[in-house]
Amino acid sequence: MIIEGKQKIWADYQKDIPNDHYFYVRSCIRQAFWPGSEVTFLDITRNKLGKDFYENPYHTTCGGIAYHSDTIPQETAMTIIARQFALMHESGYENYVCSCITSFGCYTETLETWHEYPELEAIIRQYLWDSCKKEFAKPKYLAHASDLIYKFRFDIAKQMKFPLVNVKTGKPLKVVEHIGCHYSKMFPSKGFGGAEYPHVLVGMIEAWGGEVVDYPERRHCCGFGFRQYFVQANRGYSESNTHKKFESMEPYEPDLIITNCPGCPYFLDRWQYVIAEQTGKTYGKNGYGIPALTYEEVAGLVMGYDPWDLGLQMHQVAIEPLLEKMGIPYDPKKKYQGLNGKDLGQPMCPSCIKSV
Amino acid sequence: MKENILIIGGGAAGMEAATQLHKMGLNPIIVEKSEALGGHIAQWDRLFPAFHPAKDVVEQMLDNVKDIKTYLNTEVTDIQRNNDGFHAVLSNNETIDAKAVILATGFDVFKAERKQEYGYGIYNNVITSVELEEFFRTGKDERINHPKKIGFVHCVGARDVKVCNTYCSKVCCTTALKQACEIKEVFPDAEVYTFYMDLRMFGLGYEDLYLKSQKDFDVKCVRGRVCEVSEDMDGKIVIKAEDTLFGKPLKMTLDLLVLMCSMEKNKSIDAIQQKLGIANNSDGFMQNKDMYLGMNDTAQEGVFVAGACTAPKSLPDTIGEARSVAVEVYNYLNK
């Protein structure tokens with residue numbers, strides 16, 4: 001590996017993004033999968049870094065899942081997006097940041113399409129007016145939320161309490177980064193580091209003390225290809241993709257996987273259980289899996305958030321071995337407690353992969 | 001007094017054009033930006049299809065131009081048309097007045113790092129066809145350490161919309177099979193694969209080379225493009241491709257991957273080309289006047305082109321064009 005080659009690419013694919021004042025839109029599925037991630041993003045940016053991130057309660061899904069599943073035409077998806085932009089405009093913001101990678105791809109594709117075909121933008125303006133009586137302004141800047149954490153990674157590092165270091169050995173944790181397909185594969189110039197060697201998560205790992213693992217199937221799909229998973233008969237493809245990645249990363253003995261897409265951590269997490277059930281094989285040490293976390297969860301961990309406030313109990317793969325490696329204190333009794341200590345009940349735990 | 005003909009470029013086209021013009025009694029002057037004549041061919045070990053030493057050809061060409069005035073390490077920095085032809089200023093501050101100008105500026109090799117998915121400049125054991133030729137010539141390259149499994153990727157930077165080069169680079173197919181045979185000569189135990197879209201073996205003896213590579217050297221030709229390259233824990237190269245004859249994706253671990261880099265227009269001449277009023281064609285090379293009967297002519301009177309500055313060309317094609325440009329210039333001066 002010639003690191004200078006990657007560094008040159010990283011230098012070529014940089015974005016000059018605004019420092020503050022963003023209109024934030026959530027993902028339609030992340031809140032169900034990883035309920036602590038978006039709230040942690042907002043808490044870090046607003047309260048730890050003192051930035052202005054506004055959320056409008058009337059915003060909706062971007063329509064990306066329906067668009068990529070061919071259940072709505074592109075014009076419909078664009079009109080949904082135009083409505084989101086109208087909300088941003090009405091709220092007095094010009095910088096738009098989305099939580100979801102698929103959304104980021106859809107927004108980017110829409111803006112690029114309007115740039116190339118302004119007559120289509122005019123049609124969408126009319127559709128939006130006809131359907132909602134709204135007018136939109138295009139954002140001056142479009143970012144993915146991981147771009148912001150990347151931008152603020154050194155500010156986060158200044159507040160870091162638990163770096164990505166094994167407290168027992170003093171060595172950096174070995175971290176696999178997995179980039180959502182729609183982050184930069186369609187438009188390489190829109191992502192930090194481009195499409196082949198993205199830097200957006202690598203930069204976080206390095207800033208927070210970890211060691212990046214580059215393995216042969218690094219670029220491979222996580223398994224959440226829409227057609228692989230939404231079509232029930234194709235779900236074997238989904239699992240086989242995930243399986244391929246784990247087989248490829250296994251020799252590197254990673255401690256952690258960090259992702260920036262709604263679906264990737266879900267499939268990289270849940271399929272580990274299914275693979276263990278089917279084959280008896282686990283990819284972490286001592287019968288555990290490899291934790292697959294969102295970048296907000298990792299940012300929260302290094303900054304000292306309570307693991308259960310981050311929602312890490314929502315992961316199939318047990319998080320406790322990672323917490324112990326990083327020296328993060330946690331109360332096992334609180335793992336399944338809701339607000340005000342309410343007992344939410346412990347889920348059934350499989351025997352094929354260790355849960356605690 | 002003999003009439004000066006300014007030849008910009010001292011590669012195969014420039015040297016051969018100069019040789020012929022000299023024989024015709026004219027006074028060609030070669031201006032070469034690098035430190036030696038010979039161009040790309042001087043960096044080559046052997047030539048397809050018959051494995052002829054490139055050195056023999058280059059030495060003969062150099063001998064042919066030994067009496068011709070040549071500037072090395074020199075570039076044309078300015079050129080103006082005047083009543084008597086052209087007035088050129090060189091980077092050494094000398095000037096040349098010439099009746100005609102021949103652009104024989106050749107090509108640039110496609111920068112392999114632009115195809116980021118192939119990992120050149122990232123993974124140690126990914127090299128270019130030019131670097132492999134250098135290894136054949138000198139025997140030195142630390143990356144080539146008794147490889148057991150070797151792959152060649154055709155069309156790197158050619159026939160590729162993604163890098164805006166939709167043209168065929170013409171010589172890479174034959175070069176790949178020549179190099180595949182040669183590396184088998186050096187490492188007889190190695191398995192050698194080439195990954196191609198089409199094998200364009202268009203010239204005399206080229207198809208024979210294709211058959212020879214398979215029959216005598218056991219080179220395996222796979223029809224399919226490599227889509228992704230990565231590195232495993234041992235530093236070996238892992239490629240993904242599609243075998244389009246079998247209709248199946250494939251994954252292979254290699255010790256060495258060779259990228260057959262295409263030709264691109266030599267951009268270092270752009271400023272002078274612009275001053276001379278010569279446009280580019282749709283492939284980004286210099287535009288000649290007519291692809292059939294005016295291939296050495298340009299839209300500008302007294303300005304001629306030869307060799308790979310107008311399109312990718314093999315050495316025989318280049319030499320043929322160099323000879324024809326000499327005739328065109330001679331006729332132009334005597335009309």
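Into which domains is chain A divided? Chain A has domain 1, covering residues 16-145, and domain 2, covering residues 146-341. Please keep in mind that this is a predicted model. The points below start with the two domains of chain A, move on to its meeting with chain B, and then take a walk through chain B.

**The two domains of chain A**

- Measuring from C-alpha centre to C-alpha centre, domain 1 of chain A and domain 2 of chain A lie 25 Å apart.
- The two domains touch each other: 30 residues of domain 1 of chain A are in contact with 33 residues of domain 2 of chain A.
- On the domain 1 side of this contact, the elements of chain A that give two or more residues are four helices and a strand: H2 (30-33), H3 (35-48), H4 (64-68) and H6 (101-116), together with strand E4 (141-144).
- Helix H3(A) provides the largest share of that side, with eight residues.
- Sorted by class, the side of domain 1 of chain A that touches domain 2 of chain A holds 15 nonpolar, eleven polar and four charged residues.

**Where chain A meets chain B**

- Between the chains, 13 residues of chain A are in contact with twelve residues of chain B.
- The chain A side of this meeting has seven nonpolar residues, two polar ones and four charged ones.

**Chain B as a whole**

- Chain B contains seven helices and 20 strands.
- Its radius of gyration is 21 Å, close to the 20 Å that the globule rule gives for 335 residues, so chain B is as compact as a globular protein of that length.
- Along its principal axes, the C-alpha trace of chain B spans about 65 × 35 × 35 Å.
- Of the 335 residues in chain B, 45% count as buried.
- Taking the contacts in chain B between residues at least 6 apart in sequence, 65% join residues at least 24 apart.

**A charged residue inside chain B: B:Glu264**

- You can find B:Glu264 in strand E19 of chain B, which covers residues 263-265.
- B:Glu264 counts as buried because it has 24 C-beta neighbours inside 10 Å, and the cut-off for a buried residue is 20 or more.
- Setting aside neighbours within four places in sequence, B:Glu264 is in contact with B:Phe107, B:Asp108, B:Phe110, B:Gly157 and B:Asn165.
- B:Thr174 is 90 residues away from B:Glu264 in sequence, and their C-alpha atoms are 18 Å apart in space.

**Backbone details to look for in chain B**

- As background, most peptide bonds are trans, and most residues other than glycine have a negative phi.
- A cis peptide bond joins B:Phe48 and B:Pro49, with omega at about 0°.
- B:Pro49 sits in the loop between strand E3 (46-47) and strand E4 (52-53) of chain B.
- B:His146 has a positive phi, near 45°, and is a residue other than glycine.
- The loop that holds B:His146 runs between helix H3 (129-138) and strand E12 (149-156) of chain B.
- Is B:His146 buried or exposed? B:His146 counts as exposed, because it has 10 C-beta neighbours inside 10 Å, and exposed residues have 12 or fewer.
- B:Cys155 also has a positive phi, near 55°, and this residue belongs to strand E12 of chain B.
- With 25 other C-beta atoms within 10 Å, B:Cys155 is buried.

Terms used:
Residues numbered from 1 in each chain as written. Chains lettered and ligands numbered in written order. Predicted model: local features only at pLDDT ≥ 70, side-chain atom pairs only at ≥ 80, totals over all residues. Domains from an automatic or database assignment. Contact = placed C-beta atoms within 7 Å. Nonpolar A, V, L, I, M, F, W, Y, C, P; charged D, E, K, R; others polar. Rg over C-alpha atoms; globule rule 2.2 N^0.38 Å.
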